[in-house]
Amino acid sequence: MKKSHEVIGLPIISIQEGVELGRVKNFIINPEGRSIEFLMVEREGWQLSVKAIPFKMVQGIGEFAVTIMKSADIIDLGQIPVANELLARNIHIIGTKILTRKGHLIGAVTEYF
């Protein structure tokens, strides 16, 4: 299990092509499913669209890289309506306030796994 900050910034490597395809920029979270649905990809030259990898396509997350099978596993989020809906909700876990059931503030999220 990895901390979120250990994954953000890791290079993304294609196993088939053997090349670096970009870096993990952030996560797209599904709060209802309590899961990470996509890894957002950052790469120089990709400024017009948002690219991401469906989390189910990730082969491994190691100390030095995230691996996927092939470059075609990186998709344009414009092609997937559910991804756009999740992205539009702008869900962030880090910094979210933690309250008791009675409304008392007990802290804020600093990390997740």
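**Ser 4**

I looked up Ser 4 first and found a relative accessibility of 6%, so the residue counts as buried. The model is a predicted one, and I read every value here as computed from it. Ser 4 sits in helix α1, which covers residues 4-7. I then listed what Ser 4 touches, leaving out residues up to four places away in sequence: Phe 27, Ile 94, Glu 111 and Tyr 112.

**Chain as a whole**

I counted secondary structure next and got 2 helices and 9 strands. Read along the sequence, the elements follow the pattern α-β-β-β-β-β-β-β-α-β-β. The C-alpha trace spans about 55 × 30 × 25 Å along its principal axes.

I checked burial over the chain: 28% of the 113 residues count as buried. The exposed area is about 7,600 Å², and carbon and sulfur atoms supply 53% of that area. For contacts between residues at least 6 apart in sequence, I noted that 41% join residues at least 24 apart.

**Sheet**

In what order do the strands of the open sheet of 7 strands lie? I wrote down β5-β6-β1-β2-β3-β4-β7, with mixed pairing. β5 (58-61) and β7 (75-76) are the edge strands; each has a single partner strand, so one side of each is left without a neighbour in the sheet.

I followed strand β1, residues 11-14, in both directions. Towards β2 the strands run antiparallel and are joined by 3 bridges. Pro 11 is the residue I found opposite Arg 23 of β2. The hairpin of β1 and β2 has 5 residues between the strands, and Gly 18 in this hairpin has a positive phi near 70 degrees.

Towards β6, residues 66-68, β1 runs parallel, again with 3 bridges. On this side I noted two facing pairs. Ile 12 stands opposite Val 66, and Ile 13 stands opposite Thr 67. For reading such neighbouring positions I kept in mind that side chains in a regular strand alternate between the two faces of the sheet.

**Arg 34**

I searched for positive phi outside glycine and noted Arg 34, with phi near 50 degrees. I marked the value because most residues other than glycine have a negative phi. Arg 34 is placed in the loop between β2 (20-30) and β3 (35-42). Buried or exposed, where does Arg 34 fall? Its relative accessibility is 79%, so Arg 34 counts as exposed.

**Glu 44**

I moved on to the loop between β3 and β4 (51-54), where Glu 44 is found. Glu 44 has a relative accessible area of 79%, so I entered this residue as exposed. I also took its C-alpha to C-alpha distance to Pro 31: the two are 30 Å apart in space and 13 residues apart in sequence.

**Charges**

How many salt bridges does the model hold? I count 2 by the rule used here.

One pairs Arg 23 with Glu 20, with 3.8 Å between the closest N and O atoms. The cut-off is 4 Å, so this pair is accepted. I looked up the accessibility of both ends. Arg 23 is partly exposed at 36%, and Glu 20 is partly exposed at 44%. Arg 23 had already come up above, as the residue in β2 that faces Pro 11.

The other pairs Lys 70 with Asp 73, where the closest N and O atoms are 3.3 Å apart. Here I recorded two classes for the two ends. Lys 70 has 31% relative accessibility and counts as partly exposed, whereas Asp 73 has 5% and counts as buried. The limit for buried is under 20%, so Asp 73 falls inside that class.

Last, I compared where the charges of the chain lie. There are 13 positive and 12 negative charges, and their mean positions are 9 Å apart.

Definitions and conventions:
Residues are numbered from 1 along each chain as its sequence is written. This is a predicted model: local features need pLDDT of at least 70, side-chain atom pairs count only at pLDDT 80 or more; totals for chains, interfaces and linings use all residues. Side-chain values use heavy atoms; hydrogens and water are left out. A salt bridge is a side-chain nitrogen of Lys or Arg within 4 Å of a carboxyl oxygen of Asp or Glu. Buried means under 20% relative accessible area, exposed over 50%, partly exposed in between (1.4 Å probe, protein chains only). Helices (H or I, at least four residues) and strands (E, at least two) are DSSP runs, numbered from the N terminus. Contact means heavy atoms within 4.5 Å. Accessible areas come from the Shrake-Rupley method with a 1.4 Å probe; for residues, only the protein chains shown count as cover. Lys and Arg count as positive and Asp and Glu as negative; His and the chain ends are not counted. The place of a charge is taken as NZ of Lys, CZ of Arg, CG of Asp or CD of Glu. Two strands pair if DSSP finds at least two bridges between them.
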